[in-house]
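Open the model in your viewer and keep the selection panel handy. This tour moves from one selection to the next and tells you what to look for at each stop.

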Amino acid sequence: MRRTILAATLAAALSTTLLATTPFAWAASDTAPAAKDTAKAAAPNAGDLLFEQPQMKNTTPGSTLTYDYLRRSGIVKGPYGPPLNDAIKLTVEPGKSAESRDIRVQMFSGGNRVPAGPFTDMAGNPVLSLFLENHLKGLAGLLEANPRYIKNAIRKGLREKATVTPVQVDFKGRKVEGWRVEMKPFEGDAQTERMRGFDTTTYTFIVAPEVPGEIVSLEARTLKPDGGELLEERLDYDQKDS
């Protein structure tokens, strides 16, 4: 059975990071999907797009990819505390193949620093799993929920509820083609009553092949019925490093 790119990413992450305690991938299925005729497909499969692409192949060895991180919550005296603005930095070196890279990680700074990586001979961009694991840790703690249940719901959402649409991305003063993946994985969930309004959480991922590392932005956002914000957590590629 072929391991997915992100499965290898997560396995490497779990060897050194405190972000997760259960070693299973974020990929949308436990087995790799069969090859598809992309010419006949209106849009790529969400799982394939996010987890099966050699996203690091267009990064320059010796460069650093910086992703600006924001988390803020409208829950008064909630566990998230004040807004957090920080960054995740990936220092890229050559891997064993033209498409892979060795990657050192600085996940946040100062007192916010979280151990993560390093990753060896990676083809996929590990920032996606780092973001999701960090998000999962916070959400599971807030809801006093089983992290595996939440993770499985997100994985199922990628299989069954995600929409993938073309989008144009501003990059280096021009428009480049990309994809937008959006889903509400907890909508209609059997545990809705225990989710304290987080069943409405919307996940939005934007990727573009011409952007180094391909990840443009990642977001998890939860709104109250009156439009107020329960949570906004996002990561944005910093083009100044490109």
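Leaving aside its neighbours within four places in sequence, which residues is valine 105 in contact with? Select valine 105 and show its surroundings: you should find Ile88, Lys89, Leu90, Arg113, Ala116, Gly117, Phe119 and Leu130. Keep in mind as you go that this is a predicted model.

**Stop 1: the core around valine 105**

Valine 105 belongs to the largest nonpolar core, a set of 58 residues. Val105, Leu139 and Phe205 are the residues with the most contacts inside that core. Now colour helix H3, residues 127-143: this helix gives the core its largest share, 10 residues.

**Stop 2: the whole fold**

Zoom out and switch to a cartoon view. The protein has 4 helices and 9 strands, and along the sequence they follow the pattern α-α-β-β-β-β-α-α-β-β-β-β-β. Of its 242 residues, 50% count as buried. If you draw a contact map, count the contacts between residues at least 6 apart in sequence: 58% of them join residues at least 24 apart. With a surface switched on, you are looking at about 11800 Å² of exposed area, and carbon and sulfur atoms supply 51% of it.

**Stop 3: the sheet**

Hide the helices for a moment. An open sheet of 9 strands remains in view, in the order E4-E3-E2-E1-E9-E8-E7-E6-E5, with antiparallel pairing. Its edge strands are E4 (119-122) and E5 (163-171), each of which pairs on one side only. From one strand to the next, the twist averages 20°.

Next, walk through some of the pairs:

- Select E1 (residues 64-72) and E2 (residues 84-94), which run antiparallel and are joined by 8 bridges. Here aspartate 68 stands opposite alanine 87 in E2.
- Add E3 (residues 101-107), which pairs with E2 in the antiparallel sense over 7 bridges. A hairpin of 6 residues carries the chain from E2 to E3. Valine 105 turns up again here, in E3, opposite leucine 90; leucine 90 is also one of its contacts from the opening selection.
- Move to E7 and E8, an antiparallel pair joined by 6 bridges. Look for tyrosine 203, which stands opposite alanine 220 in E8.

Bring the helices back and find H4. This helix lies across E6 and E7, and runs at about 120° to E6.

**Stop 4: salt bridges**

Side chains of opposite charge can pair when their charged atoms come close. How many salt bridges does a search of the whole structure find? The count is 12, and a few of them deserve a selection of their own.

Start with glutamate 144 and arginine 196, whose closest N and O atoms are 3.8 Å apart. This pair links distant parts of the chain, 52 residues apart: glutamate 144 sits in the loop between H3 and H4, and arginine 196 in the loop between E6 and E7. Glutamate 144 has 70% relative accessibility, so it counts as exposed.

Then select arginine 174 and glutamate 210, which meet in a salt bridge at 2.9 Å, N to O. Arginine 174 is in strand E6 and glutamate 210 in the loop between E7 and E8, 36 residues apart. Arginine 174 counts as partly exposed because its relative accessibility is 39%. Glutamate 210, at 42%, is likewise partly exposed.

Are arginine 234 and glutamate 219 buried or exposed? Both are buried, and they form a salt bridge with the closest N and O atoms 2.9 Å apart. The two are 15 residues apart, arginine 234 in strand E9 and glutamate 219 in strand E8. While you are looking at salt bridges, select Arg72, Arg221, Glu229 and Glu232 together: salt bridges that share partners join them into one network.

**Stop 5: asparagine 58**

Finish in the loop between helix H2 (46-51) and E1, where asparagine 58 lies. Measure from its C-alpha to that of glutamate 210: the two residues are 152 apart in sequence and 7.6 Å apart in space. Leaving aside neighbours within four places in sequence, asparagine 58 is in contact with Pro209, Glu210, Val211, Pro212, Gly213 and Glu214. With a relative accessibility of 27%, asparagine 58 counts as partly exposed.

Methods:
Residues numbered from 1 in each chain as written. Predicted model: local features only at pLDDT ≥ 70, side-chain atom pairs only at ≥ 80, totals over all residues. Heavy atoms only, no water. Core = buried A, V, L, I, M, F, W, Y, C linked by side-chain atoms within 4.5 Å. Buried < 20%, exposed > 50% of the residue type's maximum accessible area, 1.4 Å probe, protein only. Contact = heavy atoms within 4.5 Å. Salt bridge = Lys/Arg side-chain N within 4 Å of Asp/Glu carboxyl O. Pairing = 2+ DSSP bridges. Axes fitted to C-alpha atoms, helices over the stretch in contact; angles between N-to-C directions. Areas by Shrake-Rupley, 256 points an atom, 1.4 Å probe, with all protein chains shown as cover.
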